[in-house]
Structures are given as C-alpha cells and as structure tokens.
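Student: Please give me a close look at the aromatic side chains in this model. Where do they sit, and what lies around them?

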Amino acid sequence: GSRRALHFVFQSGKNPLRRPFYRDVLRHEELKKEFEEGCKGRLPYDGKWSKTMVGFGPEDDHFVAELTYNYGIGDYKLGNDFMGITLASSQAVSNARKLEWPLTEVAEGVFETEAPGGYKFYLQNRSLPQSDPVLKVTLAVSDLHKSLNYWCDLLGMKIYEKDEEKQRALLGYADNQCKLELQGVKGAVEHAAAFGRIAFSCPQKELPDLEDLMKRENQKILTPLVSLDTPGKATVQVVILADPDGHEICFVGDEAFRELSKVDPEGSKLLDDAMAADKSDEWFAKHNKPKASG
C-alpha cells in the first residue's frame, strides 16, 4: 500500500505565528486552525492550547508543520532529538534577508536559521520544479543500524542514501515525498519537554497489521489503534508508535485523513482573529505570574 509523510508536530510556549518566520520568511499558508479548551484549571489559561497546520500547500501532497501552542507555557526546553527541516526555496532565503531574519551559511547555498522556539530550519538557495519545497526532516538516532532495522524492516521505508562514515541515512516512502534523514549522534537522544512527533498515513486496512507487527517484535506502542471522532467530520483511525530512540510516530488511516485535512479557506482569518483574542501574555504579566516552562 502507499504510505506518505504528512507533518511534524512542533510544541511552542510563545505563539510562533506572532513572529514573521512561518508566514513571511517561508510564506507558508495557514491550512487550518483548531482550538481545544483542554483541561480547565483554576487559571483562565490553564490547559488551553490551539493547533495550526501551516505548509506550502494542502497536506494531500505537501509535508506541513503542525504548530501546537500552549497558552500557559512560556517556553519548552529543547532536546537534541529534532535536528532540522530542510527545504529548497530561494524565495525563503530572499524573504529572510529582506526581513533581516538571522541566517548562517553552513554550506554553499545552504543557510541555517531558527524558527520561533529554537527549531532549526535549513534553507537551500534554489528552487525546485515540484510544488512542495520541503525536502527532509532530520532526527537524531543513537544507533543507526538499529534505527534502519526499525524504519526499513518494520515500517517499510526505502533507503535513498546511506553514509556509514557520517552515520547518516536518507529514507522515504516515495521519490516525490519529503524524506526522513536519520543522523547518528554520540550518546543518548534526549527529547526534553518539546518532543515532537512525525506523522504518516497509510491505507486504513494496514493499521491493524502494523500494530500486530509491533506487538510481535516487542516494539513500543504509545497509543494502540484507536478511532478519533471529530464532530461533523470524518472519524480517523490512529496508532502511535515509538522508535528505538523514543521518537513518536503517528500512523493515520489515509482515506479519512484526506477528508479531515482539507484546507480551510478561512485559515488565515481565523488565525488573525485568534491571535488578536489571545491576551495570555498580558494576563500573566498583570498578575505578576511567569508562564510555566515545559
């Protein structure tokens, strides 16, 4: 069956969309916005969060970012688990220069920059014929061989490139999709509080088999196969796994997910309205309370 890379989840304590990176440097469009009240605590912003999907186009054929913003958290401590997203866009490089967004040239025509929250992005100063400029997500692994067994033998990814000396490998489900790069690091992979998650879709009928395979292989299943209801929308089936380094991997049933991930034409307006209504920074300042650290 055909599997595809969908998105990466970033957690943020300050609303990452208040700063120009995603909207003005990358020129991402807001695909949809969802709100959750979360668990109601004693304070007005306890447990309140929102999530926004941003990308260069619909999730059907683009790899996107899911930005989860927690109103009551000031910042999240980053680990060494997420090493960056690489995209090819000379437009993004010129936007960054215009906006004086910090760029560091790390290789010829490749610039390292940081998204709000400290997440690294690598911008290649070139443009590609395909519509999605996102090339790869790089995750740290403590044992490349063990990780390749997991991602290739169990999850069925194909190896596109492998460099034993540099301890890296490039994997993917299809030539025209965002790839997963595994980069060996010395020591353990630390997720800290900001741990992210990568999501893939597969035909819904494959999900029970995938779960059974992980059980047989004694691999970690964080969320056993479950149906998630979204009122008025498709019910999507999900199973969440963890690789040998604890990277969270979400597999969703493709058919329902395509319906669920349709672009909301009001996405940008909803986001602007929500940001205007978010007075959490002022509330914490007025009550002389610091936002918690994640």
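Tutor: A charge sits over a ring if NZ of Lys or CZ of Arg is within 6 Å of the ring centre and within 35 degrees of the ring normal. K179 and Y160 fit this description: K179 lies over the face of Y160, at 4.8 Å from the ring centre. The model is predicted, with local features needing pLDDT of at least 70 and side-chain atom pairs pLDDT 80 or more, while totals for chains, interfaces and linings use all residues. Numbering starts from 1 along each chain as its sequence is written, and side-chain values use heavy atoms, with hydrogens and water left out.

The chain as a whole comes first. Its secondary structure comes to 7 helices and 18 strands (DSSP runs numbered from the N terminus: H or I of at least four residues for helices, E of at least two for strands). Of its 294 residues, 51% are buried (under 20% relative accessible area; exposed is over 50% and partly exposed in between, with a 1.4 Å probe and protein chains only). Taking contacts (heavy atoms within 4.5 Å) between residues at least 6 apart in sequence, 66% join residues at least 24 apart.

Now the rings. A pair of aromatic rings is described by the distance of the centres and the angle of the planes. Rings of Phe, Tyr and Trp (its six-membered ring) pair if their centres lie within 6.5 Å; planes under 30 degrees apart are stacked, over 60 edge-to-face, and the rest tilted. The structure holds 14 such pairs. One of them is F10 with Y119, edge-to-face at 4.7 Å centre to centre, with 65 degrees between the planes. F10 belongs to strand β1 (residues 4–12) and Y119 to the loop between β8 (110–114) and β9 (120–124), so that this pair links distant parts of the chain, 109 residues apart. F10 and Y119 are both buried. F21 and F121 also pair edge-to-face, at 5.1 Å centre to centre and 70 degrees between the planes. Because F21 lies in helix α1 (residues 21–25) and F121 in strand β9, this pair ties together parts that are 100 residues apart in sequence. F21 and F121 are buried too. These four residues belong to one aromatic cluster, made up of F8, F10, F21, Y22, F82, W101, Y119 and F121.

Several elements that hold cluster residues also border helix α2 (residues 90–98). The buried residues of α2 are A92, V93, N95 and A96. They cover an arc of only 165 degrees around the axis, and are therefore on the same side of α2 (the arc is that of the directions from the helix axis to the C-beta atoms). The cover over these residues includes α1, β6, β8 and β9. Just after α2, E100 takes a positive phi of about 55 degrees, and E100 is not a glycine. E100 lies in the loop between α2 and β7 (104–107) and counts as exposed at 69% relative accessibility. Q167 likewise has a positive phi of about 55 degrees without being a glycine. Its place is the loop between β11 (158–163) and β12 (168–172), where Q167 is partly exposed, with a relative accessible area of 31%.

Strand β6 (residues 82–88) includes T86, which is buried at a relative accessible area of 6%. Beyond its neighbours within four places in sequence, T86 is in contact with Y122, Q124, P133, V134, L135 and K136.

Strand β1, the strand of F10, also holds R4. R4 is buried, with a relative accessible area of 9%. Its side chain makes a polar contact with the side chain of D254 (3.0 Å); such a contact is a pair of N or O atoms within 3.5 Å, where within protein one must be able to donate a hydrogen and the other to accept it, and residues adjacent in sequence count only if both atoms are side-chain atoms. Setting aside neighbours within four places in sequence, the residues in contact with R4 include the aromatic residues Y173, F200 and F257, along with E59, D60 and D61.
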